[in-house]
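Let's take a walk through this one, starting with the charged pairs and then heading inside. Keep the model open as you read.

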Amino acid sequence: MAQGTVQVTHTGTSRWRRRTGEYSSLASALEAAGDGDVLTVSPGTYRENLLVQRAVTLRGPEGQPGAVRIAPADGVPLTVRGSAVVQGLHLEGQDSSAPALLVEEGSPEISDIRVVTRSASGIEVRGSARPTVRRCSVDNPAGVGIAVTDGAGGLFEECEVTAAGQAGVAVHGGARPRLERCRVHHAAGAGLSATGENSFVEAVGCEIYEVRGSGVQITGRATGQLTDCDVHRTAGDGVTMDTDAVLTLADCRIHDVPENAMDLRSRSVLTLTRTSVRQFGRNGLSVWDPGTRVDAHQCEIFDSTGDYPAVWVSDGATAVLDSCRVHDVPDALFVLDRGSRADVVDSDLSQVRNTAVSVSDGATAQLDDCRIRDAATGAWFRDHGSGGTLANCSLDGTQTGVIVTKGADPTVERCTVDGPAEAGFYVSAGGRGTFVGCTVTGSGGYGFHVLDGCRTTLRKCRTKRCARGGYEFAEAGAGGAGGPDVEDCTGDESLGAGSSPGRGSATGEGAVLTAPAQAGTGGLLGSVPAPRAGAPAGPAGEAGGGAPVRAAQEVLGALDALVGLESVKREVRALTDMIEVGRRRQEAGLKAASVRRHLVFTGSPGTGKTTVARLYGEILASLGVLEKGHLVEVSRVDLVGEHIGSTAIRTQEAFDRARGGVLFIDEAYALSPEDSGRDFGREAIDTLVKLMEDHREAVVVIVAGYTEEMERFLSVNPGVASRFSRTIRFGDYGPGELLRIVEQQAEEHEYRLADGTDEALLKYFAEIPKGPAFGNGRTARQTFEAMVERHAGRVAQLPDPSTEELSLLHPEDLPALD
């Protein structure tokens with residue numbers, strides 16, 4: 001396109017109109033023009049670097065947007081240093097070290113400018129300039145879209161950054177622009193960035209989306225204020241704040257963010273009002289470091305797409321939620337680390353897949369007049385130094401209302417738990433807590449479940465219609481010390497079958513609990529059952545209970561009678577001998593070597609691991625090491641719940657059932673899968689390790705599984721590995737040992753092997769595939785059962801079979817190999 005002409009029109013009142021006319025270049029027209037003149041540029045491409053210093057109007061032809069192209073080979077295409085009016089131009093720059101449009105001074109009005117460039121910045125405003133920029137667009141894949149710096153300001157209305165190689169809008173050096181109804185998208189950096197002391201950006205009705213960095217980034221003592229803005233579809237965080245940044249958001253919407261919706265660090269302060277946060281992949285609010293604070297008022301955080309807490313407060317930060325809603329998230333609020341604090345007032349936490357409120361590592365949470373609904377765990381105070389207050393809160397439709405563990409010490413006042421599936425309040429592993437005026441209604445388990453020795457205080461609490469009982473207090477700690485301090489608590493439940501109350505349990509309609517802190521002291525107005533000496537009897541199918549204890553030699557004889565397992569028998573005998581000699585040395589007044597009785601059994605299925613574990617428990621009971629010696633067999637499905645709170649409870653209950661005996665965990669490696677992520681099996685392991693330490697004399701734990709998998713399990717869980725004294729390997733059975741198992745089965749069921757059947761069985765077991773489905777002893781028993789079935793089908797055809805025919809198993813009764 002050929003360069004056109006420039007028409008200069010003098011608009012003054014003077015009769016002297018020498019400047020009026022046409023000029024062959026923009027530079028000559030600008031040089032001739034004076035304040036108030038209008039320069040109308042004809043369509044064309046102008047390879048000039050323009051400098052506008054006077055109060056003139058520079059515009060393209062009306063109705064022809066983009067017809068005037070300013071496209072020099074290098075340098076700044078257009079520089080404005082006065083209060084000019086610039087309209088309807090198309091700017092193209094190629095200089096990576098210079099902007100396409102530079103505004104350095106004055107208060108110009110710039111409108112309908114299209115910048116398509118590969119410059120350092122599309123539009124740059126510096127120094128004392130205060131332009132008004134309307135309906136301009138910037139496409140700059142090589143640099144910043146709009147940069148405002150060095151104390152500059154200005155108003156940007158209905159502008160759009162369609163592409164930027166760095167930030168869409170960058171504010172620094174004490175600049176203070178205002179953006180109204182602008183759109184920023186397809187930026188490689190942040191959508192809107194402000195950094196540096198005294199820098200301030202205000203945005204109203206703006207939209208930021210499709211950016212590779214954060215949607216909004218405020219850092220280095222900068223300040224921002226966003227009103228009625230949308231930030232969405234970012235690759236990074238929705239909002240990032242760092243190093244004394246201050247930001248206020250009102251009536252904004254942050255959504256469709258794969259990372260944190262908002263991330264604050266290093267003493268930053270964020271204030272949110274009537275703002276919604278949804279569809280985020282990590283945290284909705286992530287608040288870190290001492291002095292960092294977020295205040296949210298009438299906000300909504302919901303619809304998480306990831307597996308992280310909606311609000312995360314750690315490293316000494318503070319979060320305040322006032323009249324907020326958090327819902328449809330994996331976890332609602334996690335507060336971690338000493339000095340961290342969350343204050344939640346008149347807020348709703350609902351539809352939470354795991355834990356609504358989690359407080360750990362010495363943090364504090366205060367909830368007042370809040371409502372927690374449809375959560376797996378309502379609130380969990382996890383460990384020593386962690387605490388705070390729940391006051392006037394309601395918890396409805398949870399699995400467990402409030403959990404207190406490992407020395408945590410919260411105060412819960414005037415709270416109600418309605419319809420928990422498992423327990424209203426659950427205290428274990430040295431948890432403490434003070435519960436005043438609390439009510440549990442319609443629990444599927446206990447109302448208040450306080451385990452061994454937890455020094456919990458209950459005052460004026462009430463339970464109604466709890467399935468397993470209103471109050472369950474396990475026995476006190478060592479020496480009878482510890483245990484809950486209960487005063488003026490009531491319940492309307494009658495204990496059903498299977499309830500085994502400890503000291504101070506409610507026993508009937510209108511019962512009042514007033515048990516003081518010292519164990520063994522009365523105070524219940526009515527009948528008080530004695531503290532439990534051990535665990536309740538296990539459910540049907542679990543060995544133990546009232547069976548008489550056999551002598552050690554009798555049990556060892558049963559062990560010797562097992563087919564094969566010679567190395568296993570030697571290991572068990574050696575361990576038994578160590579325990580027996582240690583006991584005798586103690587009786588003689590000598591020191592006894594410490595023997596850790598917990599074991600690891602490795603090997604394939606069907607090699608007798610469960611049978612040996614049962615006999616081992618009997619041996620220890622016969623030696624007086626265990627009270628009962630019964631076996632409780634569990635696997636991952638028995639220990640790991642669908643949410644965090646139920647896993648600790650299930651593990652504790654399994655451990656309690658095994659008190660005085662053996663807890664046998666089959667396929668224990670399943671608790672620590674290789675790709676565990678947020679798998680709750682780790683919680684079962686942590687709970688188990690703590691219980692093994694706290695009750696080392698009460699239960700023997702045996703973990704079992706395939707050899708390679710168990711080696712990996714122990715290597716990734718050193719806390720577990722350190723609790724076990726030795727590993728016993730159970731080898732696969734050989735053909736001769738499998739034959740012997742079949743012979744035992746035949747003898748027990750009054751069958752005999754006909755001539756040649758034993759040789760056929762040896763050949764059969766030698767040829768049977770030894771893959772993952774091979775079951776060793778189980779395979780031998782299944783083989784016998786298959787032979788009996790085939791024998792029955794054969795003999796049933798005989799009109800009058802003899803006793804011998806009814807008893808003999810022949811080679812043809814063997815099943816065919818696949």
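**Charged pairs, then the core**

Search the whole structure and you find 33 salt bridges. Bear in mind that what you are looking at is a predicted model. The idea behind these pairs is simple: side chains of opposite charge can pair when their charged atoms come close.

Start with Glu-92 and Arg-69, whose side chains meet in a salt bridge at 2.8 Å, N to O. Glu-92 sits in the loop between strand E10 (90-91) and strand E11 (99-103), while Arg-69 belongs to strand E7 (residues 68-70), so this pair ties together parts that are 23 residues apart in sequence. Is Glu-92 buried or exposed? Its relative accessible area is 16%, and because buried means under 20%, Glu-92 counts as buried. Arg-69, at 23% relative accessibility, is partly exposed.

Next, go to Arg-183 and Glu-207, another side-chain salt bridge, this time at 3.9 Å from N to O. Here strand E22 (residues 183-185) supplies Arg-183 and strand E25 (residues 207-211) supplies Glu-207, so the pair ties together parts 24 residues apart in sequence. Both ends are listed as partly exposed: Arg-183 has a relative accessibility of 35%, and Glu-207 has 26%.

A third pair is Asp-485 with Arg-459, where the closest N and O atoms are 3.1 Å apart. This one links distant parts of the chain, with Asp-485 in strand E58 (residues 485-487) and Arg-459 in strand E55 (residues 457-459), 26 residues apart. Arg-459 is partly exposed, at 24% relative accessibility. Salt bridges can also share partners, and that is how Glu-158, Arg-178, Glu-180, Arg-181 and Glu-202 end up joined into one network.

Now for the inside. The largest nonpolar core has 131 residues, and the members that touch the most others are Leu-78, Met-262, Leu-270, Val-357, Leu-367 and Phe-435. Which strand gives this core its largest share? That would be strand E43 (residues 348-360), which contributes five residues. There is also a second, separate core of 43 residues, including Val-563, Leu-620, Ile-741 and Phe-765.

Finally, zoom in on Phe-435. Setting aside neighbours within four places in sequence, Phe-435 is in contact with Val-404, Val-412, Phe-425, Val-427, Phe-448, Thr-456, Thr-457, Leu-458, Arg-459 and Cys-461. You have already met one of these: Arg-459 is also the salt-bridge partner of Asp-485. That residue brings the charged pairs and the core together in one view, since Arg-459 pairs with Asp-485 and is in contact with Phe-435.

How values were computed: Residues numbered from 1 in each chain as written. Predicted model: local features only at pLDDT ≥ 70, side-chain atom pairs only at ≥ 80, totals over all residues. Heavy atoms only, no water. Core = buried A, V, L, I, M, F, W, Y, C linked by side-chain atoms within 4.5 Å. Buried < 20%, exposed > 50% of the residue type's maximum accessible area, 1.4 Å probe, protein only. Helix = DSSP H or I, 4+ residues; strand = E, 2+ residues; numbered from the N terminus. Contact = heavy atoms within 4.5 Å. Salt bridge = Lys/Arg side-chain N within 4 Å of Asp/Glu carboxyl O.
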